[in-house]
Amino acid sequence: TRHSTLFPYTTLFRSLFMADKKNPTPEECDQQCESCPSAATCDVAKGKTAGLPKKADIDVKHVILVLSGKGGVGKSTVSVNLAFSLAAHGYRTGLMDLDIHGPNLPKMLGIETQKLTTLGNMIEPIQVTGNLSVVSMGFLLPDISTPVIWRGPMKMTAISQFLSEVDWGSLDFLVVDLPPGTGDEALSIIQLAPNVRGAIIVTTPQDVATMDALKAAKFVEKLDIPVIGIVENMSTLVCPHCHKEIDIYGSGGGKKIADKLGVPFLGSIPFDPEMRKAGDEGRPFIIRSKDSPTWKNVDAVMEELVRAVED
């Protein structure tokens, strides 16, 4: 039986309404300890095991993480356009929005009114194209202004469900859009996801951004995950009047840290108002007009990304 909402049928529903309960009583804890968002601090949990959690049982060849050291650098833009590019190349692609507190992918894909459903015991992802499906916390919230106020263990439970309780089918690639930094979400997906192919680091050119991007790269390297490459976003602005390129945030920062890390520099994406418009309208830039000079840059970066993850 297909259900119209996910909430009544998963432990995420309980998580939303038990956010402030650190130690539920045995009567309240009517779910298995390993799936309980409070298990890490729960005094009544029984049979907890030490060590890392098991990898999720999901049929995916390659998991691609998209990271940034700081917010506002265009990480979600790269995630959306990469997922569309992979799907356009014929790959069965999943897109997972793990920015739990600020899920923007539904808006950027023009599907923010959609809600997740269940079929049997599995969550059905939202189909964007024949080859592309997506899951996001944004599909679970009553409205766009609803905050998610969760501690780390609850986020890990949600990530586990997004992996193992979603009917992704057989995937060639799962692109994971992560929140800024090196916190719970990034650590959890690396621990839980199988076949993590590597991470793409997104930065803008200025030192403040590249400094944090280096931290993100060192983070994944410490966990034995390769850095696939660096993407520099908002590299230049083409003046609409004189048509000269203006380095608003400086230039060359992405290439500089790629060289420092000894990883590929995958290219630069200009600062273009049409890119912002694409996100607001819910139409990824890669599928917009090919007459735009910026589109050529975006397409070139996405082709480099596809080649890099195919290797």
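**Exercise 1.** Work out how far apart R307 and E304 sit in helix α9, and what links their side chains.

*Solution.* Start with the helix: R307 and E304 are three residues apart in α9, so about one helical turn separates them. (Helices are DSSP runs of H or I with at least four residues, strands are runs of E with at least two, and both are numbered from the N terminus.) Next, look at the side chains: R307 forms a salt bridge with E304, with the closest N and O atoms 2.6 Å apart. A salt bridge here is a side-chain nitrogen of Lys or Arg within 4 Å of a carboxyl oxygen of Asp or Glu. Last, check accessibility: R307 is partly exposed at 42%, and E304 is partly exposed at 32%. (Relative accessible area under 20% is buried, over 50% exposed, and in between partly exposed, using a 1.4 Å probe and protein chains only.)

A note on the source: this is a predicted model, where local features need pLDDT of at least 70, side-chain atom pairs count only at pLDDT 80 or more, and totals for chains, interfaces and linings use all residues. Residues are numbered from 1 along each chain as its sequence is written, and side-chain values use heavy atoms, leaving out hydrogens and water.

**Exercise 2.** Find the salt bridge in helix α6 and say whether D212 is buried or exposed.

*Solution.* First, go to residues 207-222, which make up α6. There, D212 and K215 meet in a salt bridge (3.6 Å, N to O). They're three residues apart, so about one helical turn lies between them. Then check D212: at 16% relative accessible area, D212 is buried.
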